[in-house]
Amino acid sequence: MANPKTTLRELLAETTSMALVASAALPPDPVAAGNPDEAVIEALKRVLGTTFCLYLKTQAAHWNVEGPTFGQLHAMFGEHYRDLWEAVDDIAERIRMLDAYAPCALHRMMELSAVACWDEVPPVPEALVALVADHEVAGALVTEAFGVAERANRQGVADYLAGRVTAHAKMRWFLRATAKGLPV
Ligand SMILES: [Fe+2]
């Protein structure tokens, strides 16, 4: 029978070496690598581009949705795009508070975005499923930006981004719950 102490030691060593491998695979900490505010600004720009594209997709869904659930979906997309539009302004203003300029070209917003734009709005429920996935991506990106802001000691930005994580989670929930009731 294996000595439990040896086993534990082995397990700890294995875990440590796994952690070392994992940390070696990670990109360098953007805060430690340079100017912490630069890292926050870059993270905010990616959040801005992603929020902008998600805003545009959601408003396009509000305009173009069709079918027997039109009224309900038009209203929900309306609430969501207004949240995202307001967030676009808030995020850009946080970039300005850090003495950087907010991107001003549509192609720049698209380059910065972690979600792809639509050429046309897919039918329901594909549109809902696609937006659920987009909010997952956006939530993960905002969470990452939150970590960058915390490490840079920009607590105001971190507080704001924490609220955005919740906002994306709530919109994702509404979209998912709505998609469940619809025939595929
Ligand atoms: Fe409208």
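Select Asp-134 to begin, and look for the residues that it touches beyond those up to four places away in sequence: these are Leu-54, Lys-57 and Val-115. You are looking at a predicted model, and Asp-134 has its place in helix α6. Is Asp-134 buried or exposed? Asp-134 is buried, because 23 other C-beta atoms lie within 10 Å, and 20 or more are needed for a residue to count as buried. Now add Arg-172 to the selection: Asp-134 and Arg-172 stand 38 residues apart along the chain, while their C-alpha atoms are separated by 8.5 Å.

**The whole chain**

Clear the selection and show the chain as a cartoon, in which you can count seven helices and zero strands. Following the chain from the N terminus on, you therefore meet the elements in the order α-α-α-α-α-α-α. Of the 184 residues in the chain, 32% are buried. If you consider the contacts with a separation of 6 or more, 76% of them are between residues 24 or more positions apart.

Next, colour the chain by pLDDT, which averages 87, with 82% of the residues scoring at least 70. Where is confidence lowest, and where is it highest? The lowest mean, 43, belongs to helix α1 (residues 4-25), whereas α4 has the highest, at 98. Select residues 1-24 in particular, since pLDDT stays under 50 over this stretch, and the model has one contact for it beyond four places in sequence.

**The nonpolar core**

In soluble globular proteins, nonpolar side chains tend to be buried together. To see this chain's largest nonpolar core, which has 43 residues, select Val-40, Leu-44, Val-47, Ala-145 and Ala-149, the members that touch the most others. Among the helices that each supply at least two residues of this core are α3 (36-64), α4 (70-97), α6 (126-151) and α7 (155-180), and α3 gives the most, with 13 residues.

Keep Val-47 selected and find its contacts, leaving aside residues up to four places away in sequence: Val-47 touches Ile-91, Leu-141, Val-142 and Ala-145.

Then move to Pro-36, which lies in helix α3. Pro-36 counts as partly exposed, because it has 18 C-beta neighbours inside 10 Å. If you draw a line from the C-alpha atom of Pro-36 to that of Ala-149, the separation is 8.3 Å, although the two residues are 113 residues apart along the chain.

**Helices side by side**

Two packed helices are described by the angle between their axes and the distance between the axes. Select α6 and α7 together, and you will find them packed at an angle of about 165 degrees, with their axes 9 Å apart. Angles over 145 degrees count as roughly antiparallel, and α6 and α7 are therefore roughly antiparallel to each other. Their crossing is left-handed.

Now exchange α6 for α4 while keeping α7 in view: the axes of α4 and α7 come within 11 Å and cross at roughly 165 degrees. How are α4 and α7 oriented to each other? α4 and α7 are roughly antiparallel as well, by the reasoning of the angle, and α4 passes α7 in a left-handed crossing. To see where the two helices meet, show the residues on each side, including Met-76, His-80, Asp-83 and Ala-87 in α4, and Val-157, Tyr-160, Arg-164 and Ala-167 in α7.

**Loops with particular backbones**

Finish in the loops, starting with Pro-125, which has its place between α5 (106-112) and α6. Look at the peptide bond that joins Val-124 and Pro-125: this bond is cis, with omega at about 10 degrees.

Go on to Asp-99, in the loop between α4 and α5, where phi is near 65 degrees, a positive value in a residue other than glycine. Asp-99 is exposed, because 8 other C-beta atoms lie within 10 Å, and a residue with 12 or fewer counts as exposed.

The last stop is Asn-153, in the loop between α6 and α7, and here too phi is near 65 degrees, a positive value in a residue other than glycine. Is Asn-153 buried or exposed? With 12 other C-beta atoms within 10 Å, Asn-153 is exposed.

Terms used
Residues numbered from 1 in each chain as written. Predicted model: local features only at pLDDT ≥ 70, side-chain atom pairs only at ≥ 80, totals over all residues. Core = buried A, V, L, I, M, F, W, Y, C linked by C-beta atoms within 7 Å. Helix = DSSP H or I, 4+ residues; strand = E, 2+ residues; numbered from the N terminus. Contact = placed C-beta atoms within 7 Å. pLDDT = per-residue confidence, 0-100. Axes fitted to C-alpha atoms, helices over the stretch in contact; angles between N-to-C directions. Parallel < 35°, antiparallel > 145°, perpendicular 65-115°, else oblique. Left-handed = near helix turned anticlockwise from the far one by under 90°.
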